[in-house]
There are 2 protein chains.
Amino acid sequence: MLLVADNLHIINPVIQKALETLDPGPIQEITERCEAAGADAIDINTGPLSRHPEEKMTFMVETVQSVTNLPILIDTANPKAMEAGLKANKNISIINGFSLEPQKLEKILPLAKKYKSDIIGYLLYPDSRVPNDASERCTLAIQILQAIQDIGMDESQLIIDPIIVPLSWQNGNQQAKEILTFIHNLPDLFGFQVKTIAGLSNLTSGLTSGHENMKKKLLVERTYLPMLASAGLDMVLFNIFHNQTVESAKACVPLISPRIFSWAEL
Amino acid sequence: MLLVADNLHIINPVIQKALETLDPGPIQEITERCEAAGADAIDINTGPLSRHPEEKMTFMVETVQSVTNLPILIDTANPKAMEAGLKANKNISIINGFSLEPQKLEKILPLAKKYKSDIIGYLLYPDSRVPNDASERCTLAIQILQAIQDIGMDESQLIIDPIIVPLSWQNGNQQAKEILTFIHNLPDLFGFQVKTIAGLSNLTSGLTSGHENMKKKLLVERTYLPMLASAGLDMVLFNIFHNQTVESAKACVPLISPRIFSWAEL
């Protein structure tokens, strides 16, 4: 299971300011810390970048790649910013991402073909509603796969995101189970080993702050992670500075790896 | 998922001495601590009790039940000790356990019928060899179920133990995965919701001691636990004084419970 750092997020005021003033220092520093903490890839979430999208995304990608060769995920809904990021990229990049929403099908998906990039497909309805169970996720996954095939891309470029929802939702715990079932059944549904990714922090989003709640949030996240891993999840997106979550992710390896004696490497 | 404390084990010199001298104090104290730590049941593992089996098991069961009403698991291969424990029992007791080993089929299994007790069936070959994969476990589970039916017991009295093996075995990590697959598929195999139990510490047994190894052992155990829980495990046997493992077990509840808002109870 690959660990994707979601730390370069525009919601962080440090990132927001660095991006506004085009100051590479803070972004480089966080990127280096992500790699040191065990990240296998870095998600660059700039938000929509309504002003100067090309300039800002180019700056972000170049800044990150000035200090690391890790794969990057370019995480924006703005097609102009996305294309600028893909152009600026020197290593492996993944488009994060598209859905059945018409705007994304038309403007984002073709970029994956043009730049031969892997792309994350969110299992959401065209109006952005979240599916309710494993069966609805299967239906959406097939439509997403169809979209990939229709545009003439290779199926192996697709990474499915089943969309984790907050446990605090009325059906949150049911959804947590349905997602495991979905990930477990996906290879049989598609008939090949399609890659999967999930955003772990969604599970506890909306939780009010405070020390006790933060402890609870991290505990639940690092408990759900082994469930996702054993269901077959390939990539997990989370705050890589949460040491115990990283520890939990690494401890999954000897439990799900087909390699003998991987236990000794822990 | 019910948490079964394995702390009353003859391997602990304190227990061994208390049992030898028939001193209830230390046993009562550990039992009370187990309940306070969150145990839902207490395993009484006396070993074979070759001398005075009846007297000693009666003492153990009465001593435990003098301070708790929790269900007990009577864990011995000695049929005389087992029967004495079942006679002395005042609350819910579970026989831990039997296998396809002829001695156990003849001497232990009939006690479950006589005392209307639930009984744990170990998935082991008659010569005590451990099965290699999920498929071998299915074959053994069906033979165990057959033995229950042959003796005229109700299927609901059976609790299956798939036998966790050490990760340090050559095929240890493969076995860890196969056990998850087996537990996941068992209700379909049997056609009803058969109960399951597993001994978590088997996963890391044989690990040499030392602080670093203990940290590693606990990390791997509390990482495997959510995998077992999401596969459908009903009862887990472990050292209930390992706080972080208890925490991990409790955090599984909102992730696998069908009840809405169970998250808020964490």
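**Notebook: two chains, two barrels**

Entry 1. I started at A:Ile163, which lies in the loop between strand S6 (158–161) and H8 of chain A. The model is a predicted one, and I read every value below as computed from it. A:Ile163 is not a glycine, yet I find a positive phi of about 70° there. I then checked its surroundings. Is A:Ile163 buried, exposed or partly exposed? I count 19 other C-beta atoms within 10 Å of A:Ile163, so it is partly exposed; a residue counts as buried from 20 such atoms upward.

Entry 2. I looked up a second positive phi, this time in chain B. B:Ser128 has a phi of about 75° and is not a glycine either. I place B:Ser128 in the loop between strand S5 (118–122) and helix H7 (134–150) of chain B. With 11 other C-beta atoms within 10 Å, B:Ser128 is exposed; the limit for that class is 12 or fewer.

Entry 3. I went through the strands of chain A. In what order do the strands of the closed barrel of chain A run? I read the order as S1-S2-S3-S4-S5-S6-S7-S8, eight strands with parallel pairing. From one strand to the next the twist averages 25°.

Entry 4. I took strand S4 of chain A by itself. S4(A) covers residues 93–98, and I find six of its six residues buried. Strand S3 (residues 72–75) of chain A pairs with S4(A) over four bridges in the parallel sense. At one point of this pairing I find A:Ile72, whose bridge partner in S4(A) is A:Ser93.

Entry 5. I checked the peptide bonds in this region. Which residues of chain A does a cis peptide bond join? The bond runs between A:Asn96 and A:Gly97, with omega about -5°. A:Gly97 belongs to strand S4 of chain A. In chain B, I find the peptide bond from B:Asn96 to B:Gly97 to be cis, with omega near 5°. B:Gly97 sits in strand S4 (residues 93–98) of chain B.

Entry 6. I turned to the barrel of chain B. Eight strands close it in the order S1-S2-S3-S4-S5-S6-S7-S8, and the pairing is parallel. The average twist from one strand to the next is 25°. I looked at one pair in detail. Strand S7 (residues 195–199) and strand S8 (residues 235–238) of chain B run parallel and are joined by three bridges. Opposite B:Ile197 I find B:Met235 in S8(B).

Entry 7. Back in chain A, I looked up A:Gly47. A:Gly47 is placed in the loop between strand S2 (41–45) and helix H3 (53–65) of chain A. I class A:Gly47 as partly exposed because 17 other C-beta atoms lie within 10 Å. Setting aside residues up to four places away in sequence, A:Gly47 touches A:Ile10 and A:Thr76. A:Thr76 is 29 residues from A:Gly47 along the chain, while the two C-alpha atoms are separated by 5.3 Å.

Entry 8. I looked for the nonpolar core. In soluble globular proteins, nonpolar side chains tend to be buried together. The largest nonpolar core here has 161 residues. Which of its members touch the most other members? I list A:Leu228, A:Val236, B:Leu228 and B:Val236. For A:Leu228, I left aside neighbours within four places in sequence and found contacts with A:Leu180, A:Ile183, A:Ala198, A:Leu233 and A:Val236.

Entry 9. I laid chain A on chain B. The RMSD is 0.0 Å after a turn of 180° and a shift of 0.0 Å along the axis. That is the relation of a two-fold axis. Which residue of chain A comes closest to the rotation axis? I find A:Met227, with its C-alpha at 2.4 Å.

Entry 10. I finished with the contact between the chains. Chain A gives 31 residues and chain B gives 31 residues. On the side of chain A that touches chain B, helix H8 (172–190), helix H9 (211–231) and helix H10 (243–256) are the elements that give two or more residues. H9(A) supplies the largest share of that side, eight residues. I sorted the residues of that side of chain A by type and got 17 nonpolar, 11 polar and three charged. Of the interface residues of chain A, 100% are also interface residues in chain B, so the copies meet through the same surface.

Key
Residues are numbered from 1 along each chain as its sequence is written. Chains are lettered from A and ligands numbered from 1 in the order in which they are written. This is a predicted model: local features need pLDDT of at least 70, side-chain atom pairs count only at pLDDT 80 or more; totals for chains, interfaces and linings use all residues. A nonpolar core is a set of buried Ala, Val, Leu, Ile, Met, Phe, Trp, Tyr and Cys residues joined through C-beta atoms within 7 Å. Two residues are in contact if their C-beta atoms, placed from the backbone, lie within 7 Å. Two strands pair if DSSP finds at least two bridges between them. Axes are lines fitted to C-alpha atoms, for helices over the stretch in contact, and angles run from 0 to 180 degrees between N-to-C directions. Ala, Val, Leu, Ile, Met, Phe, Trp, Tyr, Cys and Pro count as nonpolar, Asp, Glu, Lys and Arg as charged, and the others, Gly among them, as polar. Copies are superposed by least squares on the C-alpha atoms of residues with pLDDT of at least 70 in both.
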